[in-house]
Amino acid sequence: MFALRPERPATIEVAVEGQPLRVPEGASAAVAMLLAGIGRTTALSGAPRAPYCLMGVCFECLAEIDGVANQQACMVPARPGMRIRAQRGARRAGPA
Amino acid sequence: MSAPRTESFEAIVIGGGLVGAAIAWGLCRQGLATVLLDEGDIAYRASRGNFGLVWVQSKGLGAPWYQRWTRASAGEWPRLAADLATRTATDVGLQQPGGVHLCLSEPEFEARAERMAQMQREAGNTPYEYRMIRAPELRDMLPGLGPDVVGASFTPYDGHANPLRLLHALHRAFTEAGGVYVPEAKVEEGAAAPHDFAVLAAGRRFAAPRLVLGAGLGNAELAPCFGLAAPVRPQRGQVLVTERAAEILPMPITTIRQTQEGSLMIGDSIEEVGFDLRQTPPVMQAIADRAVRSFPWIGELSIVRAWSALRVMAPDGLPIYDQSARFPGAFTANCHSGVTLAGAHALLLAPMIAQGALDPMLDPFTAGRFDVRAAS
C-alpha cells in the first residue's frame, strides 16, 4: 500500500517481524510497519489496527521494539538493527 | 421576561454524579416521577475521578454504623450490577473476590492487625472475617511481591467496579425508567416549605414534595437553603494509570487495582489543598514509589494517564445523611465513597426517601453530630 519516495534513499536496515527492511534516515518505526504492511491487534478484542495518526496521539501503532512491549512506534526513530514487532494483544506484566 | 411555568415532579434530585444518580434512579425504581439536575462541567465532579473500589475492610473504624452501612452496600452491589445489566445492557465490571491491604513494614503490619481486630470487635454479632497474612503465604496469592512487603490484611468482602460505566449505567437506567435528566442545570434559587420545594435551574422552575441534595461539594452551599447542613470540604487524591497488560492481579489492593481492560490504577494521595485540582510530581512520585515497592514489575509499565480529583469529606470523614427537621421532605446525602455506597444509595436509601423517613440505622450520620450545642 505504501511506497518510499524515490528522493529519499532507504539507508537504515531494521528487522520487522524478523524480516530485513530498509527505511530512510529520520523515518519512525511506524513507517517501517507501514512499509511492511503490518499492524497490531488490540488488547481487549484482538481487532486489527495499523499506524494512524503518526504523531503520538492515537496509540494505534503499538509495537514491541527491541524487546520492549507497547511502544508507540511513531514516536521512535528507526535505528540500524532495530527489531520491530507489532503488538499482538495485551502485553505481559509481572515478575520475570 | 415572565417567570417560567412550574414543572411538577414527585422528587427533585440535585447532583448528577454517582450519589445523585444512584438516588435518582432508586427513586424512579420506587415509582416516583423524578427530575435530576446536573450542574455541568464546571462542577468538581468527583465521580469522574473515582478509583473504583467497592471497599469494606478499612471503612468505619470506631464508627460501627459506617462499617454496617458499607457492608450493607457491598452486599447490595451484586443486585445493583445485575439490575443495571438487565436494564441497560451495561456491564459495570463488578468483581468481589476479596481484597488486600499491603503492609510494607512491621509497624504497618502491627497497626493493621490492631485495626482489623478492632473492626471485628465493633462488628458485634455480624460476622467479620479477616486474615492477617504473612509474606510467604501472600506470595502465593499475588504475583511478584516486592521484598519490602511484610504482609497484608485480607477480607472476602472487598471488590471493585468500573466507576465510569457505573455512572453511565445509572444515568441510562434513570432516563429509561422515565426519569428526567437536566444538564447544565446549576441551581440558582431554592424555595422550601415542609414537603413543598421549588428550585430554579437552567431557566426552568421545578417543584416537588421531596428534594434530595446529592451535589457533592456543592451541598455545602445548597444545604442551608433547605434547612440542612453539609459541612463538607474538598480533599485531593491523585491517581496514576498504566498501559494495559494481560490479567495478573487476581484481586484489588487498597491502592492498586487492575481494571477489566488490563490497566493498573495506582492511588492515591490524601491532600488538604482546598479547591486545587492540580497534580504534583512529588506526590505522583510517592504514589509510584509505593507501587513499585509493592510490586517491582510495575516499574516496567508506562504511565499513560494521571489525574486528580476532590473527595467530598465531612469533618470526621464519614458520610452525612439527613432529613431536614425544619422542612421535612428535604434530604442530604454526602460521602466520599460514591462507588462503594452506590448499592446502598440506590437500593436502601432511595426507598427510605420515597417513604419519607430515614431508617434509624442512619441516625448517627446526621450533620447534627458536628453541632457542638446539639452534641453536648
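The following paragraphs lead through chain B of this predicted model, from its overall form to one helix pair and then to its contact with chain A.

In terms of secondary structure, chain B comprises nine helices and 19 strands. Its radius of gyration is 21 Å, close to the 21 Å that the globule rule gives for 376 residues, so chain B is as compact as a globular protein of that length. Measured out along the principal axes, the C-alpha trace of chain B spans about 70 × 45 × 40 Å, and 48% of the 376 residues in the chain count as buried. When contacts in chain B between residues at least 6 apart in sequence are considered, 73% of them join residues that are at least 24 apart.

Within this chain, helix α2(B), residues 64-88, packs with helix α5(B), residues 163-176, at an angle of about 60 degrees, their axes lying 10 Å apart. An angle of that kind falls outside the 65 to 115 degrees counted as roughly perpendicular, and the two helices, α2(B) and α5(B), are therefore oblique to each other. The crossing in which α2(B) passes α5(B) is left-handed. On the α2(B) side the contact is formed by Leu84(B), Arg87(B) and Thr88(B), while α5(B) contributes Ala169(B), Arg172(B), Ala173(B) and Glu176(B); by class, the residues of this contact divide into three nonpolar, one polar and three charged.

Chain B also meets its partner chain, with twelve residues of chain B in contact with nine residues of chain A. The side of chain B that touches chain A consists of six nonpolar, three polar and three charged residues.

Key
Residues numbered from 1 in each chain as written. Chains lettered and ligands numbered in written order. Predicted model: local features only at pLDDT ≥ 70, side-chain atom pairs only at ≥ 80, totals over all residues. Contact = placed C-beta atoms within 7 Å. Nonpolar A, V, L, I, M, F, W, Y, C, P; charged D, E, K, R; others polar. Axes fitted to C-alpha atoms, helices over the stretch in contact; angles between N-to-C directions. Helix = DSSP H or I, 4+ residues; strand = E, 2+ residues; numbered from the N terminus. Parallel < 35°, antiparallel > 145°, perpendicular 65-115°, else oblique. Left-handed = near helix turned anticlockwise from the far one by under 90°. Rg over C-alpha atoms; globule rule 2.2 N^0.38 Å. Buried ≥ 20, exposed ≤ 12 C-beta atoms within 10 Å, placed from the backbone.
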